[in-house]
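Trainee: I should like to request a close look at a single part of this model, namely the packing between two helices and its surroundings. Please take me through it in a connected account.

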Amino acid sequence: MNSYTQIICGLVVFYVGLRMFAGGAKSLGNIDHLSWFTANPMYMFFGGLIMTIIWQSSSLSTTAVVALVAGGALAGPDKLPAVIACLIGCNLGTTFTAHLAAIFSAKEMSNWYQSEGFRVAMIHSGMNVFMAVMLLPFIYPIARLVSRF
């Protein structure tokens with residue numbers, strides 16, 4: 001099978017999987033019993049962070065959030081700031097993977113924190129923490145801007 005066919009097959013499988021995931025999210029319907037969590041941007045930020053650390057995939061976490069929005073479970077202008085905060089948390093959660101890679105790729109486990117991998121992981125984490133600190137105070141204006149489209 002040539003590479004173009006593999007790319008097309010991969011995209012089809014991804015699309016079908018996303019549609020199935022969105023259909024499952026739609027069947028969730030109303031999750032008002034979690035409104036205390038989904039209405040609070042800081043809870044959703046830490047939820048996205050923890051979800052990404054557990055799954056080790058920001059793509060999966062982001063897809064889950066987008067599917068819940070598309071399914072209506074997290075839809076609405078009142079939940080948009082919390083969804084944005086959750087996506088920022090998903091982005092920050094990716095830094096955990098870099099730290100794991102730095103720890104397990106160190107030549108000596110006793111001084112893994114002195115390795116080049118750890119330095120790269122710290123820069124990666126620092127940039128994402130900086131981005132989160134800069135964006136989180138502005139999630140309500142960002143939500144108003146996004147809701148115009």
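Mentor: What follows is an account of one helix pair, the aromatic residues beside it and the nonpolar cores. The model is predicted, and the description should be read accordingly.

The pair consists of helix α3, residues 41-55, and helix α5, residues 80-93. Their axes come within 7 Å and cross at roughly 35 degrees, and the crossing of α3 past α5 is right-handed. On the α3 side, the contact is made by Pro-41, Met-44, Phe-45, Gly-48, Leu-49, Met-51, Thr-52 and Ile-53. These meet Pro-81, Ala-82, Ala-85, Cys-86, Ile-88, Gly-89, Cys-90, Leu-92 and Gly-93 in α5. By character, the residues of this contact comprise 13 nonpolar, 4 polar and no charged.

Several of these residues recur in the largest nonpolar core, which has 11 residues in all: Phe-45, Leu-49, Leu-80, Ile-84, Ala-85, Ile-88, Leu-92, Ala-132, Leu-136, Ile-139 and Ala-143. Two or more residues of this core come from each of α3, α5 and α8, the last spanning 139-147. Helix α5 supplies the largest share, 5 residues. One of the core residues, Ile-88, illustrates how the parts are joined: with neighbours within four places in sequence left aside, Ile-88 is in contact with Phe-45, Met-131, Ala-132, Leu-135, Leu-136 and Ile-139. A second, separate core has 8 residues, among them Met-44, Val-83, Cys-86 and Cys-90. In general terms, nonpolar side chains tend to be buried together in soluble globular proteins.

The aromatic residues complete the picture. A search of the whole structure finds 2 aromatic pairs. In the pair of Phe-37 and Tyr-43, the ring centres are 6.1 Å apart and the planes lie at 10 degrees; the pair is stacked because planes under 30 degrees apart count as such. Phe-37 is partly exposed, with a relative accessible area of 27%, and Tyr-43 is likewise partly exposed, at 40% relative accessibility.

The other pair joins Phe-45 and Phe-46, whose ring centres are 5.1 Å apart. Their planes stand at 75 degrees, so this pair is edge-to-face, the cut-off being over 60. Phe-45 has 6% relative accessibility and therefore counts as buried, the limit being under 20%. Phe-46, at 43% relative accessibility, counts as partly exposed. Phe-45 thus links the topics above: this residue takes part in the contact of α3 with α5, belongs to the largest nonpolar core and pairs with Phe-46.

Conventions:
Residues are numbered from 1 along each chain as its sequence is written. This is a predicted model: local features need pLDDT of at least 70, side-chain atom pairs count only at pLDDT 80 or more; totals for chains, interfaces and linings use all residues. Side-chain values use heavy atoms; hydrogens and water are left out. Axes are lines fitted to C-alpha atoms, for helices over the stretch in contact, and angles run from 0 to 180 degrees between N-to-C directions. Helices (H or I, at least four residues) and strands (E, at least two) are DSSP runs, numbered from the N terminus. A crossing is left-handed if the near helix is turned anticlockwise from the far one by less than a right angle, and right-handed if clockwise. Contact means heavy atoms within 4.5 Å. Ala, Val, Leu, Ile, Met, Phe, Trp, Tyr, Cys and Pro count as nonpolar, Asp, Glu, Lys and Arg as charged, and the others, Gly among them, as polar. Rings of Phe, Tyr and Trp (its six-membered ring) pair if their centres lie within 6.5 Å; planes under 30 degrees apart count as stacked, over 60 as edge-to-face and the rest as tilted. Buried means under 20% relative accessible area, exposed over 50%, partly exposed in between (1.4 Å probe, protein chains only). A nonpolar core is a set of buried Ala, Val, Leu, Ile, Met, Phe, Trp, Tyr and Cys residues joined through side-chain atoms within 4.5 Å.
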